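This report concerns the contact between two chains and the packing of nonpolar residues. Please consult the sequence and the structure shown here.

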Amino acid sequence: MLEIKDICFERDNKKILNHINLVLDETKFYVITGPNGSGKSTLAKIITGILKPDQGQILFNGEDITSLSVDQRAKKGLAFAFQQPVRFKGLTVYDLLKIAVNKNIDKKDACNILSKVGLCANEYIDREINASLSGGELKRIEIATVIARNPKVAIFDEPEAGIDLWSFQNLIEVFKDLEKESQGITLVISHQERILRIADQIILLEKGQVKNIGNKNSMLKIILNEEKCCQKGNKINE
Amino acid sequence: MNDIDQKLLNKISDKNIRKAHAYNIRKNGKSIKRQISPYIDIISKEDNKGIDIYVKENTLIGIVHIPVIITESGLTDVVYNDFHIGKNSNVVILAGCGVHNDEHQDSEHDGIHRFYLEEDAKVKYIEKHYGEGIGNGKKILNPLTEIYMQPGSNMTMDTTQIKGVDQTTRKTKAILDGNATLIINEKILTSDSQNATTVFDVELNGTNASTHVVSRSVATENSYQEFVSNVIGNANCYAHVECDAILKDKGKVKAIPQIYAKNPDANLIHEAAIGKIAGEQLIKLMSLGLSEKEAEKLIIKGFLK
Ligand SMILES: Nc1ncnc2c1ncn2[C@@H]1O[C@H](COP(=O)(O)OP(=O)(O)O)[C@@H](O)[C@H]1O
Ligand SMILES: [Mg+2]
């Protein structure tokens, strides 16, 4: 169980996160959605330890992890796929996957992980994670590094961004599998209706606050309606 | 040869030096071991001033090793090695200098390497530099490389200086004829209060001459590095110079790029980037369970690979 207790985060006199409270249960699949700038990525970074909150606590299975570093939280089972994946001159896809699983896996195992995200593994395994990879390729490798860890809490920040239509279908399957099989908590930040439809619970964030939370059917109605009548630019599109 | 010699040799050269078709081992200013082949000849210059290496035309694959080791403190060794690479031949040359200095006097090696590539000759040149020893005598290396490339010739030069050299000024000069290609990959890591300067002077004189220079360096502790490149395009030619440096602790790096197109069809590019390891790179690896120190080590190792 992951408890987010009264989290506040303020920068430049702007309340980016304003008293966020959430309780996330094991085996459930959550989607956080909301307009650009509503604080979704900031919240994910606070959960994973990349940012420190001004106020509030993060509890994981009852333990206060608010003061733990990024790597300490990773060792406890938290994993995070960045919205903008990082490039590394000199590190290959294989190197990164080995670090992710924390074992000396062979290339075949690494290929299996890659093929889960729809990459033709042999072509990618020895590639450097540098500017020669496209945004969509990087994004899928990023997702693979998280899945490979078999984490207790998996957080994906806009996994669909930059991914083409064909691969998007593949990605939906990846998340459907996670929903079915993962014994941990899955938290996906997304604007995509098809990802929202996989969720057990949908959380709507607006201006740094939880505006609404509920099961998929009730939430989809609210969100899609709002989109239609107000054109708020929530970017729920198919 | 004793244990120290063998260890130095292993650091800068291939363990299987005996697999080389030809080799010459120089220790403390003298040639101590040599082998030649029907295609590759090695001849000493007067007064132990160096060697001439002749590779015959059309040599299919030739492997040449010319390691230099210095174990005498206070020695300044100046050596001239000239490589004459015949038409259409293809060779791999391994050179390098290992210095072991346990004393307080400075040890210095200045290697002057000149390459004369005839038409369509192909050379892969690998150079490693290494210094060790517990004394406070400095280990100083000043390699000068000159490369003269006839039409259609091709040279790749990989240079590495990872540890222990207190002071180095590396100069590389090249003149390229038409369709000649020169690729240079340089890797340097400096620490303590070491000082490393590299200078590239490349002149592209013939149509379709091209060069690609990639320099990757890491300056740690109180060390200082300087990267100077000066590429002149005198023809319809292509050049790409990349200088990438990572700073750690109080390391300093200065990059002075210069590209000069003297011909309207010259196409010259320079990129330079100096900075700390990107914070997001560290965070990504930490999010995969590595400590900050482990992440940093891995990023530097990959960068200099
Ligand atoms: N360190 C920071 N300093 C100042 N403003 C920030 C900082 N981090 C995020 N913001 C701002 O906070 C808001 C929320 O950002 P973010 O969490 O990235 O939103 P979302 O992911 O929902 O699009 C944005 O307006 C962003 O510009
Ligand atoms: Mg975001």
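The contact (heavy atoms within 4.5 Å) takes 23 residues from chain A and 18 residues from chain B. In this predicted model, local features need pLDDT of at least 70 and side-chain atom pairs count only at pLDDT 80 or more, while totals for chains, interfaces and linings use all residues. Residues are numbered from 1 along each chain as its sequence is written, chains are lettered from A in the order in which they are written, and side-chain values use heavy atoms, with hydrogens and water left out.

The table summarises the interface of chain B and chain A.

| Item | Value |
|---|---|
| Buried area (accessible area, 1.4 Å probe, lost on being put together, summed over both parts) | about 1800 Å² |
| Share of that area from carbon and sulfur atoms | 65% |
| Share of the area buried by chain B from B:K284, B:S287 and B:L288 | 33% |

Three salt bridges (side-chain nitrogen of Lys or Arg within 4 Å of a carboxyl oxygen of Asp or Glu) cross the interface of chain B and chain A. In one salt bridge, the side chains of B:K284 and A:E142 meet at 3.0 Å, N to O. On the side of chain B that touches chain A, α2(B) gives the largest share, six residues.

The largest nonpolar core (buried Ala, Val, Leu, Ile, Met, Phe, Trp, Tyr and Cys residues joined through side-chain atoms within 4.5 Å; buried means under 20% relative accessible area, 1.4 Å probe, protein chains only) has 94 residues. A:I47, A:L114, A:F156, A:F175 and B:L285 touch the most other members. Not counting residues up to four places away in sequence, A:F156 touches ten residues' worth of neighbours including A:A81, A:I143, A:F175 and A:V188.

Note on methods
Buried means under 20% relative accessible area, exposed over 50%, partly exposed in between (1.4 Å probe, protein chains only). Buried area is the accessible area (1.4 Å probe) that two parts lose on being put together, summed over both. Helices (H or I, at least four residues) and strands (E, at least two) are DSSP runs, numbered from the N terminus.
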